[in-house]
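Student: Could you go through a structure with me, bit by bit? I'd like to ask things as they come up.

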Amino acid sequence: VVVASVTDFVQQAVSGIASGGIYAALALALVIIHRSTGVINFAQGEMATLSAYIAWTLTFNHGWEYWPAAATALALSFVGGIALHRTIIRPVERGSVLRVVVVTIGLLVAINGFVLWQWGGEPKFLESPFGNGTIEVGGIIVTDQEVGTICTTIGIVLLLWLLFRFTKLGLAMRAAAVNPDEARLVGVRVTWMLALGWGLAAALGAVAGLLTAPTVLLEPTMMQPVLIYAFAAAVLGGIDSPVGAVVGGLLVGLILSMLSYLSQYSAFSWFNEELKLPAALLVILVVLLVRPSGLFGKPEVKRV
Amino acid sequence: MTPRTKQIVGFVAFAAFVVVVAVFPAFVSDFRAREWAYVGIYVIALLGLNVLTGYTGQISLGHGAFMAIGGYTTAILMAGNEQFGGPIGGGMKDLWTLPIAGLVAFLAGLAFGLPALRLSGLYLALATFAVAVALPSTARRFEEWTGGGNGIHLSNLPELTGSIENVDVLGWSLTPNRWLYYLSWSIALVAYVVAWLILRGRTGRAFRAVRDSETAAVSSGVSLARYKTLAFGISAAYAGVAGGLFVLATTSVSPDVFPVTLSIFLLVGIVIGGLGGLSGLVFGAIVIAFLPLWAQGEDLGSLLPDRIVEESRKPGGSAIIFGVVLILLMFVLPNGVAGIFRRVGQAIGRRRFSRSE
């Protein structure tokens, strides 16, 4: 009995880390945008849903193979993110917070409506690129999808780290985010760097969408809960810290899967699937109260 | 204009507005009266949101959640939740539940206002958005209180005024729809006067000081904690009463009655209204009550090409139009429609001033 519950525990932990990887990808998108433009993009989840639908259309309606379809969806999301920043975000990002919030909310409503209008509300099935098999290691059964998700997350984090740490472009993007005025003085094309940040975020969101779709069905509102988990992850890690977003994402995934694991015991029997979103909300509120800058963020100092 | 004449003009304008509201149902069909009752309900909620966002500058994307708290309070007090295994017997007449709905929401607002003290700007928007998203599933979880996904139905209860037959008020026989119209607008007008009384004095000044500069407000002895939580409480109380009325209008409550979109709509209403006076709020309420219908081409159908009307009637079509209009509005009218009124008013005022010189 003890052995069974240990493998059960580890299995739950692995699937928690796998969903945490998805939250981390979307949280990274939120963090990149917040760092560079100081905007919290409420439409990030819907943009990811749209990307997943594009991949679905290419495979299902046009008979493409999975990988070219996914790559095309990523590329379109990247270009779309840049276009969104250039056209509708840039004019309002320096204005009042309320305007920015309403514009990204408008985007959320419009994209959600577009998905519903174009593809209808009935759930669609997007195949998993990693197959539907399972791997057994020492009695612990892990699905290919979970392994693939975890590997993808590691790959993303590695690529982003290489980009920001070792390339001139990454340096310019960081400079534009941290100190736009001085970056401009040394010749960085700041607005393009910010737009590039939006493109990158949209592509990251697309990855999150493509990873989410096989685990649930593809629906217009598919990413709304994931967005809240990603918000919780970003806040937990510190909304300006990419490392924090990844750690926060994994932690949120783990916390939620541990809660559902524990709910088989009477002390936690009050927990069920319906309480996953409120639990994420609780994470957000507690972090903001106890340590507003998150685990990896620097406290904000306001000058008068 | 001297302050005195300004006050008189304001009073006359309000009196005229009351008269317009009172005679309005005579000119519209019974069915339309019901739609306009919803406008009145939105006005109440927007008045509350205006206290929070307009006066203290705190953004709430979760006001639908406070409406839900009020709505559930009303429904539970009327129908009880014993049938789901809950502790409340119910049996309260609908009107009496509304003040309690306001009170419960007020307490919830104070409770949420405390953590919100630490947050500002985008972070508060984020936290309140999470509240709005988490609320429906919370309501589903605590089934013994809320009736879970099916919710609570009020349509045939004796506690619901005007559910079956006409309502007699002071010798007038009102159809259920007109009753709802007069009920929500009477409460809206009283709510406006109450808000005006609260905001014109010391409290209103403190709220505005907090909005313009928290640091300056603290330096002049305004307690941030006290006024920011108070603003949340008052604002939530308005939303609670509006939520109670909303449930009386829909005659049932369930997690789907208060979706995230409702919270979004309320913020949109306040932004379109331009965080201004009553005129702006009424305009905002009209937009959020009717825009979904307009966007489906209901009323404007004859003005637009058939092809567009047809496409916009497909599911999601109205949402596309709504979202795009919202983004365009933020570009064209950064201060909302009330901003235009104000600018035009100022322009006229200036001209008069220069003429009299």
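Student: What lies 3.3 Å from a polar atom of the side chain of B:Thr146?

Tutor: That is the backbone nitrogen of B:Gly148, which sits 3.3 Å from a polar atom of the B:Thr146 side chain. Please keep in mind that what we are looking at is a predicted model.

Student: And which helix does B:Thr146 lie in?

Tutor: B:Thr146 belongs to helix α6 of chain B, which covers residues 143–146.

Student: Is B:Thr146 buried or exposed?

Tutor: B:Thr146 counts as buried, because its relative accessibility is 10% and the cut-off for buried is under 20%. If we leave out residues up to four places away in sequence, B:Thr146 touches B:Tyr72, B:Phe84, B:Ala139, B:Gly151 and B:Ile152.

Student: How many helices and strands are there in chain B?

Tutor: Chain B has 15 helices and four strands. Of its 357 residues, 52% are buried, and the chain exposes about 16,300 Å², with carbon and sulfur atoms supplying 64% of that area.

Student: What about contacts between residues at least 6 apart in sequence in chain B, how many of those join residues at least 24 apart?

Tutor: For chain B the share is 75%, counted among the contacts between residues at least 6 apart in sequence.

Student: Changing topic, which residues touch the most other members of the largest nonpolar core?

Tutor: There are three to name, A:Phe42, A:Phe231 and B:Phe129, in a core of 204 residues.

Student: What is A:Phe42 in contact with, leaving aside its neighbours within four places in sequence?

Tutor: From chain A, the contacts of A:Phe42 are A:Val101, A:Thr104, A:Ile105, A:Leu108, A:Leu227 and A:Phe231, and from chain B they are B:Leu61, B:Ala125, B:Leu126 and B:Phe129. Notice that A:Phe231 and B:Phe129 appear in this list, and that both were named with A:Phe42 as touching the most other core members.

Student: Okay, and where is there a nonpolar patch on the surface?

Tutor: One such patch is formed by A:Leu158, A:Leu159, A:Trp161, A:Leu162 and A:Phe166, which together have about 570 Å² of accessible area. Within that patch, A:Trp161 is found in helix α5 of chain A, residues 144–166. A:Trp161 is described as partly exposed because its relative accessible area is 49%, while exposed would need over 50%.

Student: Now charges: how many salt bridges are there over all chains?

Tutor: A search of the whole structure finds six. As background, side chains of opposite charge can pair when their charged atoms come close.

Student: Which residue forms a salt bridge with B:Glu35?

Tutor: The partner is B:Arg32, with the closest N and O atoms 2.6 Å apart. Both residues lie in helix α2 of chain B, residues 30–55, and they are three residues apart, which is about one turn of the helix. B:Glu35 is buried at a relative accessible area of 15%, whereas B:Arg32 counts as partly exposed at 27%.

Student: And how far apart, N to O, are A:Glu122 and A:Lys124 in their salt bridge?

Tutor: The side chains of A:Glu122 and A:Lys124 meet at 3.8 Å, N to O. Here A:Glu122 is partly exposed at 49% relative accessibility, and A:Lys124 is buried at 9%.

Student: What does the side chain of B:Asp212 meet in a salt bridge?

Tutor: The side chain of B:Asp212 meets that of B:Arg211, at 3.1 Å from N to O. With 58% relative accessibility B:Asp212 counts as exposed, while B:Arg211, at 36%, is partly exposed.

Student: One more topic: where is A:Ala176, and what does it touch?

Tutor: A:Ala176 is in helix α6 of chain A, residues 168–178, and is buried, with a relative accessible area of 1%. Not counting residues up to four places away in sequence, A:Ala176 touches A:Ala183, A:Val188, A:Val190, A:Met193 and A:Leu194.

Student: How far apart in space are A:Ala176 and A:Val216?

Tutor: They are 38 Å apart, C-alpha to C-alpha, with their positions 40 residues apart in sequence.

Terms used
Residues are numbered from 1 along each chain as its sequence is written. Chains are lettered from A and ligands numbered from 1 in the order in which they are written. This is a predicted model: local features need pLDDT of at least 70, side-chain atom pairs count only at pLDDT 80 or more; totals for chains, interfaces and linings use all residues. Side-chain values use heavy atoms; hydrogens and water are left out. A nonpolar core is a set of buried Ala, Val, Leu, Ile, Met, Phe, Trp, Tyr and Cys residues joined through side-chain atoms within 4.5 Å. Buried means under 20% relative accessible area, exposed over 50%, partly exposed in between (1.4 Å probe, protein chains only). Contact means heavy atoms within 4.5 Å. Patches are made of residues with over 30% relative accessible area and no salt bridge: like charges are joined within 9 Å, nonpolar side chains (Val, Leu, Ile, Met, Phe, Trp, Tyr) within 5 Å. Accessible areas come from the Shrake-Rupley method with a 1.4 Å probe; for residues, only the protein chains shown count as cover. A salt bridge is a side-chain nitrogen of Lys or Arg within 4 Å of a carboxyl oxygen of Asp or Glu. Helices (H or I, at least four residues) and strands (E, at least two) are DSSP runs, numbered from the N terminus. A polar contact is a pair of N or O atoms within 3.5 Å; within protein, one must be able to donate a hydrogen and the other to accept it, and residues adjacent in sequence count only if both atoms are side-chain atoms.
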